[in-house]
Structure formats: structure tokens, C-alpha cells
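Hi,

Here is the model I promised to pass on. Have a look at it first, and my notes come underneath.

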Amino acid sequence: MDDFLNTKIFGVKWSRLLTNIQQTLYMVGWALLIGTIIGFILALALVLTRKGGILKGPGARVVHAVLNFYVNVVRSVPFVILLVTIMPFTRLLMGTTIGSTAALVPLVLYISPYLARLIENSLLECSPGIIEAAQAMGANVFQVIRYFIIPETLGSVVLALTTGTIGLLGASAMAGYVGGGGVGDLALTYGYEKMNTPLMILTVIILVVIVQLIQLLGGAISAKLRAHQS
Amino acid sequence: MIQLEHVSRTFREKNMEVRALQDVSLHVREGEIFGIVGFSGAGKSTLIRLVNRLETPDGGTVRVKGQDLAALTGRELTNLRRKIGMVFQQFNLLEGKTVFHNIAIPLRMEGRSREEIERRVSEVLDFVELGEKKDAYVSQLSGGQKQRVGIARALATAPEILLCDEATSALDPQTTESILKLLKRVNREMGITIMLITHQMQVIQLICDRVAVMEDGKIVEEGNVLDVFGRPQAEVTKRFVRTVINDQVPETFYDTIRSENRHYRLEQLKFIGDTVNEPVIANLCRREGLDVNIVGANISPMQGSMMSVFILQLIGETDAINEAEAYIDQSGAIRKRLTIDWENRTVTESA
């Protein structure tokens, strides 16, 4: 096994390649998990406080305006810029700005508003009629979300997450810039800077395969969840 | 049971003001089926949503079981809403879930045990005659079956009031009739007070005890169904009654009527329920110097009773016809003299 790992493919050791794939999966996985939690909360808050939403009153208005502004601002900053700009914040939080774990900070910050928008669109697919029926039954806000909005839109949310994950994979490639490693880093430092074209092509193929797998998995889960929806 | 007093509601949108309800008062009694009929935009939807506070009025008070809805706390409102079931035109079910899942939701929200939920869902499903569909997905059901599930869901928490928002408007005539029968059973067998809104006069005719007619945010007429059908006052009410009770002269009779060269008058007679105890038309036929031609007839079942409309051509001297009119009026039948507009071939009531 060690022998194999020490052999090279397009000028890079197999062990190096595998480590970088692992780093990519690490960054995407954790950023997706944390980003989804934050994104989901943001999306729910946006849906509940929007005009005609369940939560009414001036408080809801303010919350909606603030969140909406935040999501728009973060989404309009290109990831590379965000990555560099928030370095002090990253250092404050993680003690360092280098490595896959440190890269999670900008990744989460970048992906959560994006996921929030995607999930928001999914949640809005729940018809106002269903929410009205829920309220007529005496459901409180949490019950409306738990028993009606989530079951009704989960299939769509999964598709949104699939799209978001692929966006995240793209962003993680740039994390190599701050020493985050990953497949993208391999392509940049070994492929691009050393003009190793075959290696570049190999990394692209790896990324394509990962995207395909994510899309396949997301599509299958979503289809299962929506199996009986008309 | 449900009391609205001087309720008004205005919707404001950019430069637009819609006065959905204007000084509406009505009282729904315990145990009855109360129908509100009106064309779309009349304010019915807003009105019915006041009862479970999905809408709040700008002015006036809404009382349900004596409680002023404006004064309820969050918890009290939740408890009240559990006592008020609601069914919708578009059903508003979770299409991707099973029938059981949908009906179980209100029970799960109340925190009932699994056994209780199982038992109650089976009970209400049997009541709506859909017991064998328990594990079917809603998306596999027909419109009528979906509405039965909607009704079962509304009944699950054993409400005292059922609100029906155009519950049959998305269904074909045959299915409509079966859903109406079911609603009638809900009312009679479970003793649930029903308030419904509809634009179909047939719904009022078949199951309602009392009716209110709405137009432009106001109630223009209200009363027992038989009275309102028998003596509609407002123009909009007459239009609604005409959608289910044909009081026109059949096209083919126009020429027959016109070819009569003796002196005649056209009369419309309405018989409501058992208010008339004598054979009026037979007696008319026996009168001296009077010939009777029946040129239009319609019998409609209503409220477990019926209403019949006859259009008669009374032929004879003026005196004989006047006496016949006096006889009809004292018999209890509702009489109206008609004139025919030969140009447009329509019948209008004489002043």
C-alpha cells in the first residue's frame, strides 16, 4: 500500500492527491453542515417575517429588512475577496488563518446566505392555503413550521442544498489560496503554477465526479421525499 | 353561537381601498347550518375568517360562544381554534402524505398518545366513509375524496363549529351533492354548528337552515331558506334564486301564449313546503268562466321540504280573473302577475 501511495501520478504522489481530496471533502462537509443550520434559520426567519408572513408587526419588518440586507451584502462579495477581507476575524476565531479548519470560517460565512436564499425559495413553495389551514387548527409558529412547512417542502429543500453544495465545492477550491488545501489547491500550486496540464485535467475530472455524485445523491433523496407529491 | 355586531373591515393597498365588510351583523344559532351566499368579491371569505380570527375586524365585535375574540390571549385563541374546524375549497392537505398522516396532525399538535390518535383517526375516517383509504396518499385521491379527508381532519379534534369556505366549489355536481349530504350528517349526527360560504345557491337550497345574501361587503338579505327562496327581495337574491329555480316560461310556450286571442293574464304561483293545504290549481280549473293553461312548472326539493313554481295563463273576463287572483292570495300561495316582453322573449314581474 505504501509503495502505491509513494508512486506518482502526473508528478504528484498518490498520497498527496488523496490527502487533498480528503481536505476538500472535510471543508465541504463541515461548511455544508454549519452553513445549512445557519442558512435554514435565516431562511425561516426571512419567510416568517416577510410581507404576508406569519409573524406580523413592526418588529418583523425590521428583522426582515436587516436579514435581507445582510444576505444581499454577503452574497455580492466574491469569495476570494471575502476570504482575504475577513482574515482578522478568522484569526480571532480560530487562532490561525491557515489550514482547512481555518478555511471553514469564510466558507460558512459565504455559503450560509446563499443557502438561505435557496432554502427561502423552497420554503415559499408551501402554499398559503396550507399555512392558513394550519393556523385555523390552532397551530403556533413552531407547529406550522414542523408539521406543515417542512414536510411540504423538504424535497425541494434537499434540491436547494444540492445546488448549494456544488457552489460550496467551487468556493472550497479557492480555499487553497489560504493554505486550506483541497483539490483546487492541487490544481493551483502544482498544476497551474508548474504548468502541469495533465494534473490540472485530472483535478478537473475529480471535481466533475464529485459534482456528479452530489447531484445524483441529492436528486435521489429529493425524488424519494417527493414521491407522492402531485 | 357566533355573533357578529357591526363588523367592518377595509383593506388598504397602494391608493386602493377595498371595503370588504361594511357594518355587518349576524347571528348563527347553535346547531344550525347557516349559509352565506354572494358572488366573488362580496366579502364572504373575509367574513368567515373573522370567526376563527384568521382575520380581525377594524370595527365591531365578533363573539364565539360568548367570548369576545378581540380579548383572547394566545392560549385562549389556540383553544378556541381547536373547537372550530375549517374546510377549504382547495382542501389544503399535505398532498405527499397519507390520509392518516394528514388527519393525525391536529391530534399530534394536541399531544395525544399514539393509541388515541389511531382510534380517533379511524373514527372520523369511518364517519366520512373513507376507512379503506387510511394509508393512501392524498395525491392519489379524487377531489371528492380529498374533501372528505379535509372534513375528517377538521372533525378530528371534535369541534363544536365547522366553517366551510367554498367547500364544494372545486367539485363536480354529483360529488358536490355527496359532500353536502356528508355535511348535513355532520350537523345532524354530531350536532356541529356549520357556517358556510358559497357562490352556489344549490348549496344553500340543499342543506342550509338560514341564509344571508352578501353584496359589496354588506348583508342585503337574511332569513329562513324557504322564506328567502319564496320571497326574495333584493335584486341579487332574485338572481341567485333564479340559478336554481327556473321561473321562466319555456321557450316553446311563447307562441302558444301569444296565439291566445281571448283576454288573459299570466300569473306565477309559488307553493312553499306545506303552507298550502288545498288543491289550488284544480280549484281554479273548476271556476266558472275561467280557463287555465299551465305554461311553466318547477318543483325543487329544499330543506327536507319543497318549493314549487307554476306559471299559469288565466283566460277569461277581467272580473273572473280578479276573483281568481283573490282566491289564490287567500290560499297561501305566493302570487305574482307576469308580463312578457315579446321583443326579448323574457318574462318580467308586473309592478
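Below is what I found, going from confidence to chain A, then chain B and the contact between them.

This is a predicted model, so to say: local features need pLDDT of at least 70, side-chain atom pairs count only at pLDDT 80 or more, and totals for chains, interfaces and linings use all residues. Residues are numbered from 1 along each chain as its sequence is written, with chains lettered from A and ligands numbered from 1 in the order in which they are written.

Confidence: the model has ipTM 0.84 and pTM 0.86. For chain B the mean pLDDT (the predictor's confidence in each residue, from 0 to 100) is 91, and 100% of its residues reach 70 or more. Among the elements of chain B, strand 7 (residues 161-165) has the highest mean, 97, and strand 15 (residues 346-349) the lowest, 78.

Chain A: there are ten helices and two strands, where helices (H or I, at least four residues) and strands (E, at least two) are DSSP runs numbered from the N terminus. Along the sequence they run α-β-β-α-α-α-α-α-α-α-α-α. The C-alpha atoms fill a box of roughly 70 × 45 × 25 Å along the principal axes.

Helix 5 (residues 87-94) and helix 6 (residues 100-123) of chain A pack with axes 10 Å apart, at an angle of about 125 degrees. Axes here are lines fitted to C-alpha atoms, for helices over the stretch in contact, and angles run from 0 to 180 degrees between N-to-C directions. The two helices are therefore oblique to each other (under 35 degrees is roughly parallel, over 145 roughly antiparallel, 65 to 115 roughly perpendicular, the rest oblique). On the helix 5 side, Thr90(A), Leu93(A) and Met94(A) meet Thr101(A), Ala102(A), Val105(A) and Pro106(A) of helix 6; contact means C-beta atoms, placed from the backbone, within 7 Å.

Chain B: strand 14 (residues 334-341) pairs with strand 15 in the antiparallel sense over four bridges (pairing takes at least two DSSP bridges). Thr339(B) sits opposite Thr348(B) of strand 15. Four residues lie between the strands of this hairpin, and Arg345(B) has a positive phi near 55 degrees.

Between the chains: 19 residues of chain B contact 18 residues of chain A. Helix 2 (74-82), strand 6 (84-88) and helix 3 (99-109) of chain B each supply at least two residues to that side of chain B. Helix 3 of chain B gives the most, with four.

Cheers

Definitions and conventions
Two residues are in contact if their C-beta atoms, placed from the backbone, lie within 7 Å.
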